[in-house]
Amino acid sequence: MRQILLSLPILLATTAAGAQTDDANGWALVSVGGIAAQPGGRIAFAADGAVFATSGCNRFNGQVVAAPGMVTFTTPLATTRMACPGTMGEQEELVLGALTGTVAVAFDPVADRMMLIPTNGAAVLGFARDD
């Protein structure tokens, strides 16, 4: 699989408002740490630096600063606080751990896939563009 680092401003074309709904035009979470993700996770970025996401259980939002091939989460994400039992709870912990600090962005234009690779050693998150 060919992956290239891509300037995130191109990826920021997704609207923030759409990310808050179940039919978001963003990115669907497909893997966490190389393991298939539980259903329902997604993320979307807005041109103003807002980020909206869900792990498949809770929803969260915050701010990022984009630079070529990376994003930096500038504040801790605000999250809802529903109980997420079993593997969904484990997935949520891994996703939230990955979406902090600086994260490298790898994009595969052939498969229309994106990987967020945390510099803090947290789990790599894989995404496929939502249809």
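The legends below describe close-up views of a predicted model.

**View 1. The aromatic pair formed by Trp 27 and Phe 107.** One aromatic pair is counted in this model, and its members, Trp 27 and Phe 107, meet edge-to-face, with 5.9 Å from centre to centre and 85° between the planes. The pair links distant parts of the chain, since Trp 27 belongs to strand S2 (residues 27-32) and Phe 107 to strand S9 (residues 101-108), 80 residues apart. Trp 27 counts as buried because its relative accessible area is 0%, under the 20% limit, and Phe 107, with a relative accessible area of 9%, is likewise buried.

**View 2. The surroundings of Ala 50 in strand S5.** Strand S5 covers residues 50-54 and includes Ala 50, a residue that is buried, with a relative accessible area of 7%. When residues up to four places away in sequence are not counted, Ala 50 touches Ala 44, Phe 45, Gly 62 and Gln 63. Of these contacts, Gly 62 lies twelve residues from Ala 50 in sequence, while the two are 5.9 Å apart in space, C-alpha to C-alpha.

**View 3. The lining of the largest pocket.** The largest pocket has a volume of about 160 Å³, and its lining includes Val 32, Gly 33, Gln 38, Thr 87, Glu 90, Leu 94 and Ala 123. Strand S3 (35-36) and helix H3 (86-98) each supply at least two residues of this lining, and H3 gives the most, with four residues. By residue type, the lining of the largest pocket divides into six nonpolar, four polar and one charged.

Definitions and conventions
Residues numbered from 1 in each chain as written. Predicted model: local features only at pLDDT ≥ 70, side-chain atom pairs only at ≥ 80, totals over all residues. Heavy atoms only, no water. Phe/Tyr/Trp six-rings, centres within 6.5 Å; stacked < 30°, edge-to-face > 60°. Buried < 20%, exposed > 50% of the residue type's maximum accessible area, 1.4 Å probe, protein only. Contact = heavy atoms within 4.5 Å. 1 Å grid on protein atoms, 1.4 Å probe; cavity = no way out; pocket = protein on both sides within 12 Å on 5 of 7 lines; lining within 4 Å. Points joined across faces, edges and corners; volume = space filled by probe spheres on them. Nonpolar A, V, L, I, M, F, W, Y, C, P; charged D, E, K, R; others polar.
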